[in-house]
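Q: Could you take a close look at the disulfides here? I'd like to know where the cysteines sit along the chain, how each link is twisted and how much of it the solvent gets to see.

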Amino acid sequence: MKLRKQVTVCGGAIFCVAVFSLYLMLDRVQHDPARRQNGGNFPRSQISVLQNRIEQLEQLLEENHQIISHIKDSVMELTDTGAVSPSGHLPFRSANGSWVLPFDGRPTFLAVKPQDCQFAAGSRGQADVQMLDVYSLLKFDNPDGGVWKQGFDITYDPDEWDNEPLQVFVVPHSHNDPGWIKTFDKYFTDQTQHILNNMVVKLAEDPRRKFIWSEISFFSKWWETADVHKQEAMRKLILGGQLEIVTGGWVMTDEANVHYFAMIDQLIEGHQWLERNLGITPRSGWAVDPFGHSATMPYLLKRANLTSMLIQRVHYSIKKHFASTRSLEFMWRQSWDTGSSTDMFCHMMPFYSYDVPHTCGPDPKICCQFDFKRLPGGRINCPWKVPPKAVVEANVAERAQLLLDQYRKKSKLYRSKVLLVPLGDDFRYDKALEWDQQYINYQKLFDYMNSHPEMHVQAQFGTLTDYFNAVYKANGVAQGSRPAEFPVLSGDFFAYADREDHYWTGYFTSRPFYKSLDRVIESHLRGAEILYSLAVANARHAGMEGRYPVSDYALLVDARRSVGLFQHHDAITGTAKENVVIDYGTKLLRSLIGLKRVIINAAHFLVMKNKEFYRFYQTEPFLETDDRRATQDSLPQRTLIELDPAGPRYLVLFNPIEQERLCAVTVLVNTVKVRVLTEDGQTLPVQLSAQWSSASQMSAEATFMVRLPPLGLAVFHLYESPDSPMTLRSDTLLRLSGHGVTARAVDPLPVRSQQSDPQTFYISSQSLTLGFSGTTGLLEVCRKDDPQEVKVQMQFMVYGTRPSKDKSGAYLFLPDGKAKVLLSLSQRLYVRLAFANHIFPPLLPICDMSLFHHAVVFSGVDGLSIDITTMVDIRDQTNKELAMRLVTDIQSGDVFYTDLNGFQMQPRRHYMKLPLQANFYPMPSQAYIQDSHHRLTLHTAQSLGVSSLENGQLEVIMDRRLMQDDNRGLGQGLKDNKKTGNRFRLLLERRSMGNKMMDSATNSFPSILSHMTNTFLNHEALALPVLPKRRGIPPLQTFAPLKSILPCDFHLLNLRSIQSQDPQSPSPYTAMILHRLAVDCGLEAQNLGFNCTTTQGQLSVSGLFKNLDLQLLQPTSLTLMHSGAPLANDSSISLDPMEISAFKLKLR
C-alpha cells in the first residue's frame, strides 16, 4: 500500500508539473510583445522574430518532455524494489561459488525443419578432379625437368596444326600493387599514373594494340585527376575493345586471409565505380599474384555474372600434374553444389611466374629474349645471359620461328588450339619507350607469322576475354559453358609453394595486429551500412530527410575504399614494407573513426522517441563511442561511463546481427555502486569487478545480461546507487604458488587467496564445466551437461627458424623442426567467480615472451562456448613464432577442417609426406576436429594459420617475429610486431544419439550453434553511452527494425545504400545481400536464448521492416550490375543453402 501511495503521489506530481509548465509557456507567449500583431498581418521584418519565438516554444516543449522524462526516471527508481530480475527470481550461488543467473525465464525454441537439414546430409554432384584426391595421389617430389625446371620436356609433331592453325593471343598487362614496397599514393605518383597516361596515347596509335587493367583503386584515382579529354580517350579505348577491365575489384584481393564480406564489398565498390563512370561490366577474372587460390572466388565471380577466370600461384607439383593431364583449364565447381550451377571456367597458368620469361613457353631463357624492355642498354637484363634482339627484317624469320616453337610447346599443355600469352610484369609500361619496344617488335613478329601460311599460326594482341571467347568458339559452346571433355574440379589451391619446400604459409599469420583490426573495421562497416540505410529510410518515411546528416554517406564510401584497399594481397597478408603497413593502418583508423560517427548519428535519430525533438549538431555528438584507439597501432581503450548520484546515465546498445541476442555486456564505470535498469524500469542483475589502472586509480567493470532486438538499438539506464540483491560482486580468488608470496589488495570487491596445488580445479556455468590446471591455469578438460569429460588441454608452443640460408620471413614458414613447449610455473593465478566466469592465467615470463591468457564463460549462446583472449607481445624475441595448441582425446585421425573466407568449410588432411609447414592452412573464421562423438571448433576473430599435426590436435600460430627477408621481394623481415589481442571461442559439441554419421570426404558444415557463435564473436554488441546534456536528455526508446524474425539460417551480409551519380551521396535504393547458411543438424541442438526457426529458404521482404514501405524488390547480380525483372512487392524470395543473393530495395 505504501508503495502504491508513493506511485500515486509521484504520478500526481508529474501531472501538476506538466500542467504548470504548459501554463508558463502560454503565459510567456501571451506577454511577448512581438507576438501581439493585429489581424495577423505581419510586416516582413517581424517574420523572423515570429520564427524565433516558435523555435523557443519548441525548445520549451522539449525541455518539458525532458523534465517529465526525469521525473519518470525518478519514479522508476522509487518504485523499483531492486529485488527481482525480469524472470522474477533472485540470482543464487552454485556449489563452486559462481553465480547462477535466472535471466528473463522466457521460453525459446529451436525449430529447424527436417528439409533444411537435408542439404548438409545429401549427396553431391561428382567432380572429375577433387583436390583432396590430387594431394593423396602426388608424391610432391621435385625432379629436374630440364629447361622447365619444375615440369618436363614438351614435344610436338610439326604438322599438328596443319588443319587447325594455332591461335595466339598475346595479352599485355601491368601488375600494379596498391601498396607493397611503396605506399599506394607513392606508387601512383611514381609509376601508375604514367602507365595510364601512356596507355591513352600509345593504344590510340594502332587499333590492333590491346591491354588489360585490373585494380580500380588506382584507375579511379587516375580518372579523378585526368582532364575530360583523357577521360574521353580512355572511355573510347574501353568501348572499342582495346582496353579491357578484368575482374574490376577495388584490388586484386588476397584469397587466404580475407573474409567473404570484404571480398564482396571490394568487388561491389569496383563494379559500382565502373558502372557509374564507364557503364561497363567486367566479363573475366584475372588473379596472377594472390599466394594460393580459394574456391570462394569462382563462386563470387559467378554470382557477379563473370564468365571466365584465370589463376597463377599454384603449387608447382600441382601445376606439373595438371599440365601432364591437360587439365590446366577446367570448370571450377563448389564442392557443395548438387548440380553444375556454380561451374566457372578457369584457366591456370602453367609456369613459375606471370613475368615475361615464364609466360611464352617452357624455356625462360628463350622467353626472356622476347621481353623487349630488357634490350641491351636498359636498366634490367636477362639472368640467363642471352639478351633480347630488336626485330628487324634480317632476323624476323629466325626470331619468329624461335618464339613459335615456345608457343607450340605451351599449347600442348592445353586442350584447345588457342593459346594465351600474357606479356607484362609488376608496374610495367610506365615509360613510353617500353610501349614502343614491346608493341612494335611484337607486331613485326605477328605480321611475319600471319603472312606465312606454312607456319599455321594466327598471332595477335588480345584482351583476356578475346582469348576466352576464342576458346568457347573453338569448342562450339556459349560463353562460360563447359567445353566437351573439359574436366570439372572441386577444392582449393592452398598451400602454395613456388620452389623446393618453400611453402607460403607464414603469411596466414604475419602481422596479426592488422588482421585483427581489419575484422573489427569490417564489423563496424557492416553495422554502419545497416544502421545508416535504416536511419535514412526512416527519415524519408517521416519526411525528415533534410534534417538527417545524409552526408555521412561520404564516410561510408571512405571506409568501403579503405577496407577494400586492405584486402589487397600485400596488405592483409602482412607482406608489405613497414612504412606501407603504417599507411594502411592510418587509413583504417581514419575509417574506423568515421564509421563510429555514422553509427552514432544513425543511433541518435533512431532511438529518439519523438523525432520532432531530433536535432543534429556536427560539433555536439549525442552519443559517445564504445572505445577509442590513440594511434593506428594501439589497442582500444574502453570509454569510461561516469555515473552521478544526480541522475541516470543512458546507454544505447547496438546489436548488429540479424537475430535476437541474449548476451553479457561489459562497460567501464567510475564506481562500484551501480544499478542497471531496462527501458521499462526492471532492474538487471549486474556483476561488478575492479579494474585498477594504477595503484590509486580504480574503475569498475559492470557486466549485465541483456536481450537485444535483431539489428536493433536498446536503451538502458545506469544509476549510481547502493547495492541491491541484484548486485553481484565478483569474488576474486588468487591461487598463489611459491613461498613467501602474499596477496595485497586495496579493493572494495572481495579478494581471497589460497596456496595453489597441482590439482585440476573446476568452474561451471549452466551448460559447461571446465577444468583448469592448478599449475599453469590453462584449460585441461571440458564437460558438457553430462558426466563424460573430454580432454581439451591447452599448451603454448614456440617454433624457431632454420639455421640454413633459407629462413622464415613475411611469406614463408620454414621452421627448425617441431615446436617446443613453453614451460613456466605461474607465480599467481587469478580466478574470478561470477556469472561471467573469468580465468586469468597471468603474464608468463618465458624467454621474455609476454603472453596474457584469459578465458571467460558466459550465458546464452555465449555460455555454450569458452571466450578466449590471448594478449601476445613478442617484441623481445628473435626468430620465434608463438603457437597455441589444443591437445584432445578426440579421435580425429589425420583429418581436420578449416574455413575458406568465412564462407564454407574445407576438409584437410595432414600428410606425413609433406614438410611440417605444408600442413598449415588459412583460418579466417574457424577450424575443427571431430570424431563420431564430438566436434571441437576453434572460432577466431582474426585470420591466422592453423593445422592439426597429430590425432586430436588443433594448433594456431598467433604471432611471428622474424629478423630477415625470405627472398620474395619484400627486402625486410617482420620486426614491427605490436602487442596484439587474439580473440577466440572454443565450442565443444556432441553428436546427437543415432547420428554417428561422419561428414563426407569433401564436405562439412557447421551447426546452427556454431554459425551463431561465430557471428557473435565477429560482431560484438556496441555499447554507446549518451553524453550528458545541460538541458537534459529527451525521451529515448528501443529501436527494433524487424517486423518478423529472419530465419536463423539466413545471414544478412549487408544492407548497403547504393550510390547516386554523385559518389558522395546515396540514391533512394538499398542493396540487401543475403546468405543462406548450410547447417549440420547432426550435432545436439542447444537452447540459443532466442527463437530459431527455418523456412526452407523462403523470406517475405515486405513483411520484414517495421514502419517502412517496400516500393521496389528487384533481384540483381552480386555486384548490382545486372538486374532481373522487379518482383511484386509482396513476393517471397527463395534461397538455396549456401546461396548468396542480392536484391535492390526501395524503402521509405
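A: Start with the disulfide (cysteine sulfur atoms within 2.5 Å) between Cys-117 and Cys-1081, where the S to S distance is 2.1 Å. Bear in mind that this is a predicted model, with local features needing pLDDT of at least 70 and side-chain atom pairs pLDDT 80 or more, while totals for chains, interfaces and linings use all residues. Numbering runs from 1 along each chain as its sequence is written, and side-chain values use heavy atoms, with hydrogens and water left out.

Back to that link: the torsion about its S-S bond is -85°, and the link of Cys-117 and Cys-1081 is left-handed. Cys-117 is in the loop between β3 (110–111) and α3 (118–121), and Cys-1081 is in the loop between β48 (1066–1076) and β49 (1092–1093), so the pair ties together parts that are 964 residues apart in sequence. (Helices are DSSP runs of H or I of at least four residues, strands are E runs of at least two, and both are numbered from the N terminus.) Cys-117 counts as buried at 19% relative accessibility, with buried meaning under 20%, exposed over 50% and partly exposed in between (1.4 Å probe, protein chains only). Its partner Cys-1081 is partly exposed, at 28%.

Next up is Cys-368 with Cys-382, again a disulfide with 2.1 Å from S to S. The S-S torsion of Cys-368 and Cys-382 is about -100°, so this one is left-handed. Both of these cysteines sit in the loop between α11 (364–367) and α12 (396–411), so the link spans parts that are 14 residues apart in sequence. As for solvent, Cys-368 and Cys-382 are both buried.

Then there's the disulfide that joins Cys-1048 to Cys-1092, at 1.9 Å from S to S. This link of Cys-1048 and Cys-1092 has 65° about the S-S bond and is right-handed. It connects distant parts of the chain, 44 residues apart: Cys-1048 lies in the loop between β46 (1022–1025) and β47 (1050–1059), whereas Cys-1092 belongs to strand β49. Cys-1048 is buried at 0% relative accessibility, and Cys-1092 is buried with a relative accessible area of 0%.

Now zoom out to the full count. Searching the whole structure turns up four disulfides. If you count the bonded cysteines along the protein chain, the pattern reads 1-7, 2-3, 4-5, 6-8. Two more cysteines are worth a glance for their surroundings: Cys-663 counts as buried at 3% relative accessibility, and Cys-782 is likewise buried at 3%.

While you're looking around, have a peek at Arg-428 too. Arg-428 sits in the loop between β12 (418–426) and α13 (432–450). It's a charged side chain you might want to click on, and Arg-428 is buried, at 4% relative accessible area. Leaving aside residues up to four places away in sequence, Arg-428 touches (heavy atoms within 4.5 Å) His-173, Ser-174, Ile-195, Val-356, Asp-371, Lys-373, Arg-374, Ile-380, Glu-434 and Gln-438.
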